[in-house]
Amino acid sequence: GKEEKILYENIEYDVDMISYSRARKVLIGARYSSWKRERYFFDTQWEGEINDLKNKLGDIQFGIVSSDKAENKKIVLASSDKSQGTYYLYDIAAGKLEKIADVAPWLDEKEMASMVPVEYKSRDGLTINGYLTLPKGYTMENAKNMPVIVNPHGGPWYRDLWGYNPEIQFLANRGYVVFQMNFRGSTGYGRQFWEASFKQWGKAMQDDITDGVNWLIES
């Protein structure tokens, strides 16, 4: 009943997914989420494929959603905070990435707001991570005295992630700043951060939200 060897661990974030090559029968990678999804590589071939996709797609979030049995051709979904995503066909041998279709072509990315990662300290010293979405055209420097919607996630053993959120975009489009925070008990930040929420529903968890609002006012 004990592990023989630790293959990988992250001291700040939970590993939320592992990737395995059925064709080659090897463990190829692990995934975790900081402010955005990130990867750890066990396999140089997999790392090469991901880096090739990064070069082709640029600074955008993407994942492999399907593959042929030989793992030579793959379906890739690339998305961001401003887009529900685009599907591509990736031919590894040819080094070719071909667009298949946009998920929501009627949405104009140029009209969408940016989702920016933020962090602050709770009154008892915990680091609370979150996101701030400002209406298009505003930055932290010029956004003063604006209406804010504080939008904590449900669960509460859940977390907000960076990515396209239609509700957040709708509110930002109407001129609201939207503030989301992953208060204590939010998943993905390790066991200790999760356990800090035990018997604290409506108490310290709520204080984390209040502390975030006070931090935003001071900022």
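This report describes a three-stranded sheet, the helix that packs on it, and the aromatic contacts of a predicted model.

## Basis of the values

The model is predicted, so that local features need pLDDT of at least 70 and side-chain atom pairs count only at pLDDT 80 or more, while totals for chains, interfaces and linings use all residues. Residues are numbered from 1 along each chain as its sequence is written, and side-chain values use heavy atoms, with hydrogens and water left out.

## Sheet and helix

Three strands (DSSP runs of E, at least two residues, numbered from the N terminus) form an open sheet in the order β1-β2-β3, with antiparallel pairing, where pairing requires at least two DSSP bridges between two strands. Its edge strands, each pairing on one side only, are β1 (15-21) and β3 (37-41). From one strand to the next the twist averages 25 degrees, taken between N-to-C directions of lines fitted to C-alpha atoms, for helices over the stretch in contact, on a scale from 0 to 180 degrees.

Strand β2 (residues 26-33) is joined to β3 by five bridges in the antiparallel sense, and Ser33 stands opposite Arg37 in β3. Helix α1 (residues 44-57; a DSSP run of H or I, at least four residues) packs on the sheet and touches β1, β2 and β3, contact meaning heavy atoms within 4.5 Å; the direction of α1 makes about 145 degrees with that of β3.

## Aromatic rings and charges

With ring centres of Phe, Tyr and Trp (its six-membered ring) required to lie within 6.5 Å, the count comes to 13 aromatic pairs. Ring pairs link Tyr13, Tyr32, Tyr189 and Phe193 into a cluster.

Two charges sit over rings, by the criterion that NZ of Lys or CZ of Arg is within 6 Å of the ring centre and within 35 degrees of the ring normal: Lys36 lies over the face of Trp162 at 4.6 Å from the ring centre, and the charged end of Arg39 lies over the ring of Phe62, 4.8 Å from its centre.

Definitions and conventions
Phe/Tyr/Trp six-rings, centres within 6.5 Å; stacked < 30°, edge-to-face > 60°.
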